[in-house]
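Fresh notebook page, coffee in hand. Here is what I looked up, in the order I went.

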Amino acid sequence: MSASEQPHPTRPSIAASTGYRLGRVLAPNRAYRWLAGRIEARPRLRRWFTAAERHSKQRLFGCRMCGQCALPATGYACPMSCPKQLRNGPCGGVSANGDCEVYPGRRCVWVIAYERAERAGHSADLTLLQRPVDHRLAGSSSWLNYWQGRDEGLWTSDDGLAHPAPVHRP
Ligand code: SF4
């Protein structure tokens, strides 16, 4: 991977409120599921659709095509643009002024995410726990995965603290 291909914190080029509106428009329903099925049945159409998603979301969010889009829970700032690709908040290296440890002078994408979510009244989303990424879906269309229900349960419905997972000891 060349330096230019490395993830770097990206400030989205659209407002969070626009992202939330788009999110509502793209919410799964029977029509989208039918459409996704038709697209997936045609390899060329699927490649075209995936390329269109890549092109638009790279420009808007610095999307890395992880295939399991976390944007609705992160203030519409892409967590995969974090150089460490952390999905559950910033590392311990974020500076006091909010800059990224790896790219000083660039704002940490998790600080951007919080600021955007807070302005849109969605700061509580940042307490939800993102589940591990399924790397087998990397490069695929997150919209198709979303409409087909392949990314359900990407994040918890609460902060997970009320019902922590049991600790298994040998
Ligand atoms: S699909 Fe993955 S990489 Fe792309 S914007 Fe969503 S979270 Fe980021």
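Which classes of residue make up the shell around the ligand? I found eight nonpolar, one polar and three charged residues there. My classes: Ala, Val, Leu, Ile, Met, Phe, Trp, Tyr, Cys and Pro are nonpolar, Asp, Glu, Lys and Arg are charged, and the others, Gly among them, are polar. Around the ligand (a heavy atom within 4 Å of it) I listed residues including Lys 57, Cys 63, Cys 66, Cys 69, Arg 87 and Ser 142.

A note on the source: this is a predicted model, where local features need pLDDT of at least 70 and side-chain atom pairs pLDDT 80 or more, while totals for chains, interfaces and linings use all residues. Residues are numbered from 1 along each chain as its sequence is written, and side-chain values use heavy atoms, without hydrogens and water.

Next I checked the lining of the largest pocket. I noted 14 nonpolar, six polar and four charged residues in that lining. Helices H1 (16-25), H3 (43-61) and H5 (142-147) each give at least two residues to the lining; helices here are DSSP runs of H or I, at least four residues, numbered from the N terminus.

Then I turned to Asp 151, which sits in the segment after H5. Is Asp 151 buried or exposed? Asp 151 is buried (under 20% relative accessible area, 1.4 Å probe, protein chains only), at 10%. Leaving out residues up to four places away in sequence, I saw Asp 151 touch Gln 68, Cys 69, Ser 142, Asn 145 and Tyr 146, with contact meaning heavy atoms within 4.5 Å. From Asp 151 to Arg 107 I logged 29 Å, C-alpha to C-alpha, and 44 residues in sequence.

Key
Buried means under 20% relative accessible area, exposed over 50%, partly exposed in between (1.4 Å probe, protein chains only).
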